[in-house]
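Student: I should like to learn how a helix is read within its surroundings. Please guide me through one case.

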Amino acid sequence: MAAVISQPLSFYIHIPYCIKRCGYCDFNTYTPGELKAGSDIAEVSEGYIDLLIREVEMARAQSPESGAVPTIFFGGGTPTLMDPADLGRIITRIDELFGLADNCEITIEANPDTVSREKLAALRKTGINRISFGMQSAVPHVLQVLDRTHNPENVFKATTWAREVGFDEVSIDLIYGSPGESVEDWRTTVNAALALPITHISAYALIVESGTKLARQVKAGEVIIPDDDQTADKYLIADEAFARAGMNWYELSNWAKDGSACRHNMAYWVGANWWGLGPGAHSHIDGKRWWNVKHPTNYRSLMLSNELPIDGSEILSDSEKESERVMLQIRLPDGIARASISPEQNAIAHSYVGDGSLSQEAWDSGRIALTQKGRLVADRIVREILL
Amino acid sequence: MPAIELSKAPQPSKTNPAQIRNFCIIAHIDHGKSTLADRMLGITEVVELRNMRAQYLDRMDIERERGITIKSQAVRLPWRSGIDGQEYILNMIDTPGHVDFTYEVSRSLAACEGAVLLVDCAQGIEAQTLANLYLAMENNLTIIPVLNKIDLPAAQPEKFAEELAKLIGCQPEDVLRVSGKTGEGVVELLDQIVKQIPAPVGDPDAPARALIFDSVYDTYRGVVTYVRVVDGHLSTRDQIQMFSTGVRHEMLEVGVISPEPVVSKGLGVGEVGYVITGVKDVRQSRVGDTITTYHNPTTVALSGYKDPKPMVFSGLFPLDGADYPILREALDKLQLNDAALVFEPESSAALGFGFRCGFLGLLHMEIVRERLEREAGLSLISTAPSVVYRVVRDDAKEMIVTNPSEFPDGKIAQVFEPIVRATVLAPSEFIGTIMELCQERRGTLLGMDYLSEDRVEIRYTLPLAEIVFDFFDQLKSRTKGYASLDYEPVGEAEGDLVKVDIMLQGEKVDAFSQIVHKDKAYAYGVMMTSKLRELIPRQQFEVPIQAAIGSRIIARESIRAIRKDVLAKCYGGDISRKRKLLEKQKEGKKRMKMVGRVEVPQEAFIAALTTDTDGDKSKEKK
């Protein structure tokens, strides 16, 4: 693989541990009990950081020419379960082998319930400069249905501390469209979020992923997912409230103050290069995608035998690259250039200008860009254009 | 043992008619005809025990699986009578058991001098059996009443012996009692066949006349035609001629079935066997036609020849439009073996290219569809079955409509629809229920008779269209499965009929048009529009669904425009998954049918075209 690559690598670092699994979550994460009966986080994650460091070294061997790293992202799982000093060791190793770009964005996801002011300060000290809290909702019964038990007030404390200890970029994640969430509940959440000292919001409509506890509850009729029309209304409520507060959409589900867009996530959407470290992590370099083995135990044993922990890979054909480009970039405010697609595709797209899903103004200036209404049917428009 | 070794038995082509007995078995499906036939093959030793398999004579998988006989066959059974000790040849002519094949039944009966009336002594006689019994009596056949399954604990031989005796005018003690399963009484039955059924009578010196009672396409041999020789003699040296068409054929092979084919030199008066002429299509060798010889032809055909006339029409469309040529080939192939099947290309705006097919009835339709799917591996959509309407317009011009979408929109003076005379047999406790159903279906009561204390025969005239809809399912479910039904066409009647069209976004969906009685149009419209509202996914725009008679809207629903069709999250690991989903949707989109701008999934068509009770249930009905 050791080829020259077109852009420097970003790093995604996966911490596959949680104290408790939330009912809606299908991420590749494990509780200590799932990995080893009766154990705790310290025991199951023993030596894990060293494995990640080893994978950093493998990455370097594979990409000896890659330049200074523009972004790093600690995701999970619950990365804040790790000792900040250990996370710092990974950053240091990346710096030693690749170098960090001057303005390197280093993000960590955090659970507002399990951070203290001291912990946040320690995280900041490692060089992590952006933090994203999983708030999800400000309404207790909604949090409960999501299996999130935090006290909504904790989020205010956590974000305030984060600012105090020197995080200039503070983000929260919200989920709307949960079972039992009314439109009023959602307004409450939106208002609570906007009262926080934050620069960025990601807001996602709940997806019922197969295999989750939530999916079983939905199937059994124990909970009812609100209908799509209500969920669409909630998107509009959020988009308008966020914009009024000076946070504009820069991706379908992401809003930020000027200059506060998450550069790591942008890397995914513009097809940049990144290496995902850890079990189940996905990587992309110049049209090749691969993903690591999912289970931490398999990951560990492959790493210990000095093998790349790869589970599968694909080299994208031109048409697949094109599908990804359209599918990802249409979710951005600039959309895609009309000149980049065929006249037939333009003709299909034009019908969506007619019904107000694509911006007339953008169309006139040569681009295909979603309106607010259009953002809600983006997948449909992509299907129509690509099929 | 009264069986005779084959080589020592009277040989085909020179068997004395006095030694021949031709008979058939009239029975309802599941009354044990095939088991009894198997038992006869065993007792006469024409099939060795080790070669025996259940339902030996039913050749098609479908026949064996459904336990029904679609096509008849004839088996030659040598038998030494236990009464007079003489040798005889019994020709057992198997008859199809279903109302759809009444004409074929009538030809099988015409080839016989007698019939075994076989009735399950736990169930009693069924409507179709009764109909076939009347047919046999009209043909002056000697009837031997037999109760089967006397080994069953639920058997009520006294009760049903009385019922049979009353029907055919004999004494209850004349009714034989057998068990096809254990073999009890079967030897006596064979002896009674010899004793009671008259030997065939014919003129051996007259020009040959043989009745075709079945015609089967065989992949290797071409058409195998089953005949009963009435006069004269057929031999391999002859050239034969079809009376109806005058077409001449070489005779490649003559033989009998015993129960595997045995080649013979010919067939004489009263004999039953097969001829092979190299004909490739059963329509050239039709059931009911008379075969004669080219060099010494008869001038008088055997009576009763009819062209089979399709009664029920339906469009068959391949799910995948690319399969159209395969469907055509498969229909061509089926037609080789099914003179009653007619079809012509049809194109539907909604369903694409397919064929308008005509069938003898619902079972025939189902069998054809099932064979197409099974034998050609096709997935098909069939439109709702329709009957044949005669439409007279205001300008006195007449047209025949077999496809609701061709029903004229202009001024219509009169519409005539086919009428049947239906016979329902059921326990008397269901009289009220049955009458209610028949009234709902525009029936007129003709009469009612008690067959026994607690069983009745109810006769109605009904529009065939009502039966074709879901009458049988309803009858079965409302009578807990106890009622049986038979019907025969008795002409046509004027009806107050209208065509209901279904429109999506103002665009007519031809596949959903239906001709219904005026009083039922509204109910049909409401049913279809609400069904479609559930079945069609939301689109980018609002889709009105309307039911209309001409330009008058009688029912409407609407599918609201979709507002949300997007997955919120799309990060590093989601990208491949999302792209693959897109590729899958691309495949799914190919199976969407476009009605104007509206995307309709094929499942919606299938579900909408299935009658409300349940499409699959019909598979179980016999």
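Tutor: What covers the buried residues of α10(A) includes β5 (169-176), α8 (183-194), β6 (200-205), β7 (248-251), β8 (254-256) and α16 (372-375) of chain A. Helices (H or I, at least four residues) and strands (E, at least two) are DSSP runs, numbered from the N terminus. This is a predicted model, in which local features need pLDDT of at least 70, side-chain atom pairs count only at pLDDT 80 or more, and totals for chains, interfaces and linings use all residues. Residues are numbered from 1 along each chain as its sequence is written, while chains are lettered from A and ligands numbered from 1 in the order in which they are written.

Student: Which residues of α10(A) are buried?

Tutor: A residue is buried if 20 or more other C-beta atoms lie within 10 Å of its own, exposed if 12 or fewer, and partly exposed in between, with C-beta atoms placed from the backbone. In α10(A), the buried residues are A:Thr231, A:Ala232, A:Lys234, A:Tyr235, A:Ala238, A:Asp239 and A:Phe242.

Student: Why are they on the same side of α10(A)?

Tutor: An α-helix has 3.6 residues a turn, so residues three or four places apart point the same way. Here the buried residues cover an arc of only 155 degrees around the axis (taken from the directions from the helix axis to the C-beta atoms), which puts them on the same side of α10(A). On the other side of α10(A), A:Glu240 and A:Arg244 are exposed.

Student: What follows α10(A)?

Tutor: A:Gly246 follows α10(A), and its phi is positive, near 85 degrees.

Terms used
Two residues are in contact if their C-beta atoms, placed from the backbone, lie within 7 Å.
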